[in-house]
Amino acid sequence: MMLEKRYLHRNDWSRITSRRYSQKWVEEQDFTGYIALTEIHEITTPFVKTMGGKNVCIIDKNYTRLQQLPMDANYVITTTFNDKGQVVQWYIDITNCNGVDQGEPYMEDLFLDIIVLPTGEVITKDEDELQQALENNWITKEQYDLAYTTFYWVIKELKQGTFELLTSSSKYREVLL
């Protein structure tokens with residue numbers, strides 16, 4: 001499980017059989033980077049995960065996924081909206097870097113993830129994967145430290161209510177619809 005470069009278009013998701021993808025460069029006071037929207041038209045099967053003790057549908061027909069890739073940070077936020085336009089979850093990937101390759105924005109995923117539910121519940125994931133990556137020399141100690149520094153900063157901002165990009169996800173979704 002090496003460091004994975006993931007493109008925002010996520011064309012590798014075979015579950016999604018019909019989609020519309022759009023992206024845009026944004027320069028604003030609180031955000032500089034790419035926003036990308038995937039409108040899901042058809043899927044093979046819904047994607048349901050158990051979170052906070054209940055089943056949550058993450059991907060289904062007529063859902064949208066907004067990704068916010070800040071160029072000056074080590075995280076990417078994916079907001080999933082249901083078919084009524086309501087937030088299902090915010091998924092924050094901790095990244096080694098965010099960049100652009102031949103016009104396609106990407107992130108290098110550093111394994112650690114944070115999920116925020118609309119109820120305010122915060123779920124952390126994959127600390128074991130980060131530890132395994134370090135032990136197997138898939139990442140350096142510096143990348144490991146970067147992951148945790150970013151992870152704890154995001155958690156602190158979430159607890160203080162100052163992680164602004166969560167509240168701007170609906171605005172950016174409208175820009176790309």
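Helices here are DSSP runs of H or I with at least four residues, strands are DSSP runs of E with at least two, and both are numbered from the N terminus. With that in hand, select Val-154: its place is in helix α2.

Before you click further, know that this is a predicted model, in which local features need pLDDT of at least 70, side-chain atom pairs count only at pLDDT 80 or more, and totals for chains, interfaces and linings use all residues. Residues are numbered from 1 along each chain as its sequence is written, and side-chain values use heavy atoms, with hydrogens and water left out.

**Stop 1: Val-154**

Is Val-154 buried or exposed? Val-154 has a relative accessible area of 0%, so it is buried. For the cut-offs, buried means under 20% relative accessible area, exposed means over 50%, and partly exposed is in between, using a 1.4 Å probe and protein chains only.

Now show what Val-154 touches: Tyr-75, Ile-92, Ile-114 and Phe-163, leaving out residues up to four places away in sequence. Contact means heavy atoms within 4.5 Å. Next, draw a distance from Val-154 to Val-26: their C-alpha atoms are separated by 21 Å, and the two residues are 128 residues apart along the chain.

**Stop 2: the two helices**

Colour helix α1 (residues 127-135) and helix α2 (residues 141-160). They pack at an angle of about 160°, with their axes 9 Å apart. That makes α1 roughly antiparallel to α2. The axes are lines fitted to C-alpha atoms, for helices over the stretch in contact, and angles run from 0 to 180 degrees between N-to-C directions. Angles under 35 degrees count as roughly parallel, over 145 as roughly antiparallel, 65 to 115 as roughly perpendicular, and the rest as oblique.

Which residues make the contact? On α1, pick Glu-127, Leu-130, Gln-131 and Leu-134; on α2, pick Lys-141, Tyr-144, Ala-147, Tyr-148 and Phe-151. Sorted by class, this contact of α1 with α2 has six nonpolar, one polar and two charged residues. (Ala, Val, Leu, Ile, Met, Phe, Trp, Tyr, Cys and Pro count as nonpolar, Asp, Glu, Lys and Arg as charged, and the others, Gly among them, as polar.)

**Stop 3: strand β7**

Jump to strand β7 (residues 75-81), where you'll meet Tyr-75 again. Seven of the seven residues of β7 are buried, so the strand is largely enclosed by the rest of the structure. Turn on the side chains: Tyr-75, Ile-77, Thr-79 and Phe-81 point one way, while Val-76, Thr-78 and Thr-80 point the other way. In a regular strand, side chains alternate between the two faces of the sheet.

What are the neighbours of β7? Strand β8 (residues 87-101) pairs with β7 in the antiparallel sense over seven bridges, and Thr-80 has Gln-89 of β8 as its bridge partner. (Two strands pair if DSSP finds at least two bridges between them.) β7 and β8 form a hairpin with five residues between them, and Gly-85 in the turn has a positive phi of about 80°.

β6 also pairs with β7 in the antiparallel sense, over five bridges. Here you can find Gln-67 opposite Thr-78. β6 and β7 form a hairpin with four residues between them.

**Stop 4: on to β3 and β2**

Stay with β6 (residues 64-70): it pairs with β3 in the antiparallel sense over seven bridges. Gln-67 of β6 stands opposite Ala-36. Ala-36 is also the β3 bridge partner of Gln-23. In β3, nine of the 12 residues are buried, so this strand is largely enclosed by the rest of the structure.

Now add strand β2 (residues 16-27), which runs antiparallel to β3 (residues 32-43) and is joined to it by 11 bridges. Val-26, from the distance you drew earlier, has Gly-33 as its bridge partner in β3. β2 and β3 form a hairpin with four residues between them.

Select Tyr-21, which lies in β2. Tyr-21 counts as partly exposed, at 24% relative accessibility. Beyond residues up to four places away in sequence, Tyr-21 touches Leu-8, His-9, Ala-36, Leu-37 and Thr-38.

**Last stop: two positive phi values**

Asn-62 sits in the loop between β5 (54-59) and β6, and its phi is near 70°. Asn-62 counts as partly exposed, at 44% relative accessibility. Finish at Phe-111 in strand β9 (residues 104-116). Phe-111 has a positive phi of about 75° although it is not a glycine, and at 6% relative accessibility it counts as buried.
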